[in-house]
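Please look at the sequence and the structure below before reading on. The explanation then proceeds step by step through the sheet and the helices.

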Amino acid sequence: MAHPPSPAALERWLTGPRFAALPARDGSDKAPALSFEFFPPSTEALEQQLWHCIRRLEPLAPRFVSVTYGAGGSTQARTHATVSRIVRETTLVPAAHLTCVNTTREEIDAVALGYWQAGVRHIVALRGDVPGGGAYVPTPGGYAYAADLVTGLKRIADFEISVAAYPEIHPAALSPEADLDNLKRKLDAGASRAITNYFFDADVYLRFLDRCLAAGITAPVVPGIMPVSNFAQAVKFSAMCGISVPGWLGHLFEGLEQDHDTRRMVAAVVAAEQVRVLQACGIDEFHFYTLNRPDLVYAIAHILGVRAAA
Ligand SMILES: Cc1cc2nc3c(=O)[nH]c(=O)nc-3n(C[C@H](O)[C@H](O)[C@H](O)COP(=O)(O)OP(=O)(O)OC[C@H]3O[C@@H](n4cnc5c(N)ncnc54)[C@H](O)[C@@H]3O)c2cc1C
């Protein structure tokens, strides 16, 4: 079948959509507040990688840095050791992740009290997942859900508490409304901020903010940003957590499977564009999943206007 002739180049260019530029920044705007997430290392080499990452990002003076808790509490000692070392050896404010899975209230309360005594004032309170997958069943004598953990932690001490939020809905939620009710319960129980799971389309997050506000949530729901350079791995992981991977992202990484350097440059551009769009929409707090690698995060923070303290 014959195709109609396409319009001449100049006509196409002149009749194409027009976008306003992202607002120019003259450097006088307030730089956004950042937080960085690390995972506790399991080997000596990973320990060195983590501490290189911490030292590189420390001058950016994040609001806090958080250290994850392995599935089922499997990294309890390593999380504690990392958080304690951050308290002792850096100027950073650490937040320790804590989960409810496979733990009694007494055990988790003791861990939390230990943190308070070590000078840790911020906890990221989570339910956690069953190690190896499978349906979640609350531990007898434990905190059943993150909201219960928040209530328990507030009884122990006046921790600052962050909780998790899911722009694309938690995979086990009964409905989007039930998931939002749950988020509200966690904030009403004493959490002061939510941090979102990562997402790729800014729209997904912005629509979620609308729904949060409509549900009466007023605490900050900070976007979790994951700069992705290993696309194949991101696809696998995203499928497990119910995160949609847009076609345009796949297209950007197409043909770069063996080209690590270009993948990293593409990753920086994608994440920088994402945070700049959100910044243009007024968002001024960002949480970065660093995966213990500082370079992309450092570059993106720089683009956002964050500079190392002199
Ligand atoms: C920023 C962030 C950091 C994370 N850090 C870690 C970490 O360090 N370690 C780790 O193991 N995991 C971590 N996770 C993953 C998290 O543990 C999982 O997503 C887990 O499945 C849910 O945890 P939650 O705290 O959101 O749970 P909850 O808020 O308890 O919600 C879990 C599910 O249960 C539902 N629900 C809540 N209350 C009830 C109720 N009373 N009855 C029935 N259903 C209910 C909710 O709608 C939701 O579907 C993190 C996630 C995020 C976004």
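The following paragraphs describe the strands first and then the packing of the helices.

The structure shown is a predicted model. Its sheet consists of eight strands that close into a barrel, in the order 1-2-3-4-5-6-7-8, and their pairing is parallel. On average, neighbouring strands of this sheet are turned by 30° against each other, direction ignored. In general, the strands of a sheet pair through backbone hydrogen bonds, and the pairing may be parallel or antiparallel.

Where can the closing of the barrel be followed in the sequence? The order of strands begins with strand 1 and ends with strand 8. Strand 1, residues 33-38, runs parallel to strand 8, residues 285-289, and five bridges join the two. Within this pair, Ser35 stands opposite His287 in strand 8.

A second pair is formed by strand 5 and strand 6, which are parallel and share four bridges. Here Ala164 stands opposite Ile195 in strand 6. Is strand 6, residues 193-198, mostly covered or mostly uncovered? Six of its six residues are buried, and the strand is thus described as mostly covered.

The helices may now be considered, beginning with helix 5, residues 146-156. Its buried residues are Ala146, Ala147, Leu149, Val150, Gly152 and Leu153. These residues pack against elements of both kinds: strand 3, strand 4 and strand 5, together with helix 4 and helix 6.

The packing of helix 5 with helix 4 can be described further. The axes of the two helices are 10 Å apart, and the angle between them is about 50°. Helix 4 and helix 5 are therefore oblique to each other. Their crossing is right-handed. In this contact, Ile108, Asp109, Ala112 and Leu113 of helix 4 meet Leu149, Leu153 and Ile156 of helix 5. The residues of the contact divide into six nonpolar, no polar and one charged.

Another helix pair is formed by helix 2, residues 44-57, and helix 3, residues 76-89, whose axes come within 13 Å and cross at roughly 40°. Because of this angle, helix 2 is oblique to helix 3. Helix 2 passes helix 3 in a right-handed crossing. Which residues meet in this contact? From helix 2 come Glu47, Leu50, Trp51, Ile54 and Arg55, and from helix 3 come Thr82, Arg85, Ile86 and Glu89. The residues of this contact comprise four nonpolar, one polar and four charged.

Note on methods. Residues numbered from 1 in each chain as written. Predicted model: local features only at pLDDT ≥ 70, side-chain atom pairs only at ≥ 80, totals over all residues. Heavy atoms only, no water. Axes fitted to C-alpha atoms, helices over the stretch in contact; angles between N-to-C directions. Parallel < 35°, antiparallel > 145°, perpendicular 65-115°, else oblique. Left-handed = near helix turned anticlockwise from the far one by under 90°. Contact = heavy atoms within 4.5 Å. Nonpolar A, V, L, I, M, F, W, Y, C, P; charged D, E, K, R; others polar. Pairing = 2+ DSSP bridges. Buried < 20%, exposed > 50% of the residue type's maximum accessible area, 1.4 Å probe, protein only.
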